[in-house]
Amino acid sequence: MLDLTGKNALVTGIANNRSIAWGIAQQLHQAGANIGVTYLPDDKGRFQKKVGELVEPLNPSIFLPCNVQDDAQIEQTFNEIKEKWGHIDILIHCLAFAQKDDLSGDFSNTSRDGFKTALDISAYSLTRLTQAAKPLFRDGASIVTLSYLGGVKVIPNYNVMGIAKSALEMSVRYLAAELGSQNVRVNAISAGPIRTLASSAVGGILDMIHHVEATAPLKRTVTQTEVGNAAAFLCSDLSSGITGQVLYVDAGYEIMGMSQG
């Protein structure tokens, strides 16, 4: 049976009840994990209040601000985690952002600042958080991040985010190779399109979802809970021999070469 009792799980990227990170946090909690949550701080404290109220049923033992573009705040976050928990068993990375102007039109028009921002938040943040967490990982720990098909194939209105996801997936492999001797595993889930705050920035997201529903072998897209279940599996001893992989949780869409009538 899948059992995460006694494991400390840090979840990043929860924005609202549609977030895939929220689906993952719920399934980790259901499996018995002790949950910690980070949120994006803002001047008015909106995310602190919104995310705090949402995750309250999970009784998180850690609830901290963490802007992954701020190295000092990352260090402060993990210092507090070390003081409170002592160690980490699970790190969930669900962070992605690109400027809206860089998600449409000609890819060659991607701005330099937009490229930097997308790669920094969506890809480098995994490396930076892993660096900070590395001394705290317990034997058998697991890191899971979220990718998307646009990292390996051209998806309309995805543009620079596709480059970021490609970098993220390669980061998974390099980090898995590095951390393997510490018996820490690193994997990614490439989820099918789901209506979330992040995906709403992608033009035509509803058309994309309808296309998947018509084309995927299961004739539907997936839910946050299904992605959460896959993440819980990758964080459990049931997947102890799996690392450096990208697991597609997309109702089979990735295998299709063309639409089936």
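In this predicted model, helix H3 passes helix H4 in a right-handed crossing. The two helices, H3 (residues 71-84) and H4 (residues 112-133), pack with their axes 10 Å apart and at an angle of about 40 degrees. H3 is therefore oblique to H4. The model also contains an open sheet of seven strands, and helices H1 and H2 pack on this sheet.

**Contact between H3 and H4**
- H3 contributes Asp 71, Ile 74, Glu 75 and Phe 78 to the contact.
- H4 contributes Arg 128, Leu 129, Ala 132 and Ala 133.
- Sorted by class, the residues in this contact are five nonpolar and three charged, with no polar ones.

**The sheet**
- In general, the strands of a sheet pair through backbone hydrogen bonds, in either a parallel or an antiparallel manner.
- Here the pairing is parallel, and the strand order is E3-E2-E1-E4-E5-E6-E7.
- Strand E3 (62-65) and strand E7 (246-249) are the edge strands, each of which pairs on one side only.
- On average, neighbouring strands are turned by 20 degrees against each other, direction ignored.
- Strand E5 (residues 137-147) and strand E6 (residues 185-191) run parallel and are joined by six bridges.
- Ile 143 has Val 186 in E6 as its bridge partner.

**Helices on the sheet**
- Helix H1 (residues 20-30) touches strand E1 (8-11), strand E2 (34-39), strand E4 (88-93), E5 and E6.
- The direction of H1 makes about 170 degrees with that of E1.
- Helix H2 (residues 46-55) touches E2 and E3, and its direction makes about 160 degrees with that of E2.

Terms used
Residues are numbered from 1 along each chain as its sequence is written. This is a predicted model: local features need pLDDT of at least 70, side-chain atom pairs count only at pLDDT 80 or more; totals for chains, interfaces and linings use all residues. Side-chain values use heavy atoms; hydrogens and water are left out. Axes are lines fitted to C-alpha atoms, for helices over the stretch in contact, and angles run from 0 to 180 degrees between N-to-C directions. Helices (H or I, at least four residues) and strands (E, at least two) are DSSP runs, numbered from the N terminus. Angles under 35 degrees count as roughly parallel, over 145 as roughly antiparallel, 65 to 115 as roughly perpendicular and the rest as oblique. A crossing is left-handed if the near helix is turned anticlockwise from the far one by less than a right angle, and right-handed if clockwise. Contact means heavy atoms within 4.5 Å. Ala, Val, Leu, Ile, Met, Phe, Trp, Tyr, Cys and Pro count as nonpolar, Asp, Glu, Lys and Arg as charged, and the others, Gly among them, as polar. Two strands pair if DSSP finds at least two bridges between them.
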